[in-house]
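Me: I'm new to reading structures like this one. Could you walk me through it, one feature at a time?

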Amino acid sequence: MSDTVLTTQVAIVGGGPAGLLAAHLLDRAGIASVVVDLRTRTEIETTHRAGILEANAARLLVDSGVSDRILRDGHEHEGTYLRFGGRSHRIDFKELVGESVWLYPQTDVFIDLADARARDGGDVRFGVRDVEVLDIDTQQPRVLFTDVDGTRVEVRSAFVIGADGSRSMCRNIVPEERRTRHGREYPFAWFGLLVQTPMNAPELIYAHSDAGFALVSQRTETVQRLYFQCSPTENVDDWDDARIWERLQACLAGHDGFRLHEGPVIQKSVLPFRSFVQEPMRWGRLVLAGDAAHTVPPTGARGLNLAIHDVTILADVLPRALAARDDSVLDEYAQRALQRVWRAQNFSYWMTQMLHLPPGGESFAFDRRRQLGELENVVSTRAGRTHLAEQYTGWPSGD
Ligand code: PHB
């Protein structure tokens with residue numbers, strides 16, 4: 001039983017960047033939506049995520065009227081560094097493929113989207129409870145939830161977008177016998193840090209070392225984002241600041257004398273990761289988008305970009321499905337989205353296995369030497385550098 005019934009065209013479960021961008025782009029196409037999320041806006045805003053946007057994604061946020069803050073607060077990176085054997089090698093995206101990426105944290109993308117929805121009068125409900133998605137195989141699916149004031153609300157819509165992240169409830173609506181979950185776990189995780197220091201480098205540094213993988217990223221002039229490889233069961237409390245800096249300096253040490261600026265650690269967390277794809281991405285009148293359908297390890301910075309790509313396709317396909325009153329138009333969505341999903345899966349897996357300390361065992365020494373050979377292959381020929389640059393900056397548009 002519900003206290004209130006709302007009718008809209010598209011119900012969106014999940015108010016992270018994928019769900020909010022879907023609502024925004026659909027609104028621009030004249031299509032109404034209601035977005036619900038179990039988390040409060042503050043919870044989403046204070047969860048740290050990756051920070052690299054493809055230039056195409058940055059352009060979309062600006063050109064579709066979300067915000068132009070990225071142009072002021074973001075940093076355009078025309079390349080990145082691969083560091084191994086104690087030396088840094090620059091991959092010059094601009095020169096190799098004519099593209100760049102933007103360092104602009106996902107949290108800021110979320111804030112811009114949430115503000116844009118509020119500005120445009122969008123219906124977004126954060127902090128709801130007991131979300132249920134029903135009747136997805138009928139013409140009128142329903143999303144039920146309990147709003148913050150305790151009201152039980154029923155949303156009737158033509159379609160439902162499941163954009164509820166890597167622990168998606170929506171993906172479980174696809175019957176067990178009709179879905180395939182492809183995935184792989186990794187024997188390591190990332191120790192993620194926010195530290196109060198000046199910037200260490202003008203661009204990101206992906207480092208391979210005998211002390212393990214590390215990534216040097218940035219946030220502001222005074223706060224930096226750093227990561228190092230750790231065990232998936234690592235306990236952050238076992239790491240005081242001194243131990244953290246010792247490990248990070250060991251991961252970045254080299255013949256060039258490079259050293260990170262040290263300062264107070266202001267936030268630390270372990271980020272376990274895996275590769276995952278669920279197929280199909282559409283079931284009845286439900287479509288899955290972003291992490292709900294696929295997750296990638298963060299090494300290639302593909303996650304948010306893939307979600308944005310899914311949503312861009314949905315913003316093209318859903319209005320046509322609504323106008324034609326024909327669900328079969330939706331079949332196009334997965335066909336177009338999955339091609340990039342699998343390319344990104346491969347890229348993220350490739351970067352991950354190339355840069356991290358492999359598990360021990362008999363082939364450890366072989367794998368370490370082979371990784372160095374692989375990294376040499378990437379940096380020492382134009383073809384190798386171009387291969388990385390093309391994938392890191394996103395594939396040319398078209399799907
Ligand atoms: C980040 O800045 O948090 C970041 C950047 C690149 C990655 C992952 C995370 O590949």
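Me: How many Å is an oxygen atom of the ligand from an N or O atom in the side chain of S217?
Reply: First, some ground rules: this is a predicted model, where local features need pLDDT of at least 70, side-chain atom pairs count only at pLDDT 80 or more, and totals for chains, interfaces and linings use all residues. Residues are numbered from 1 along each chain as its sequence is written, and side-chain values use heavy atoms, with hydrogens and water left out. A polar contact to a ligand is a pair of N or O atoms within 3.5 Å. Here the S217 side chain and a ligand oxygen are 2.6 Å apart. For R219, a polar side-chain atom is 2.8 Å from a ligand oxygen, and a polar backbone atom of P298 is 2.7 Å from one.

Me: Which residues are the closest around the ligand?
Reply: A residue is near a molecule if one of its heavy atoms lies within 4 Å of it. By that rule 15 residues surround the ligand, and Y206, S217, R219, Y227 and P298 are the closest.

Me: Why does the ligand lie between domain 1 and domain 2?
Reply: Domain bounds come from an automatic or database domain assignment. Domain 1 (4-75 + 105-182 + 274-350) and domain 2 (186-273 + 358-393) both give residues to the shell, so the ligand lies between them.

Me: Where is the cis peptide bond with omega near 5°?
Reply: Look at the step from E279 to P280.

Me: And what is phi of D135 near?
Reply: Phi there is near 60°, a positive value in a residue other than glycine.

How values were computed:
Polar contact = N/O pair within 3.5 Å; in protein donor to acceptor, adjacent residues only side chain to side chain.
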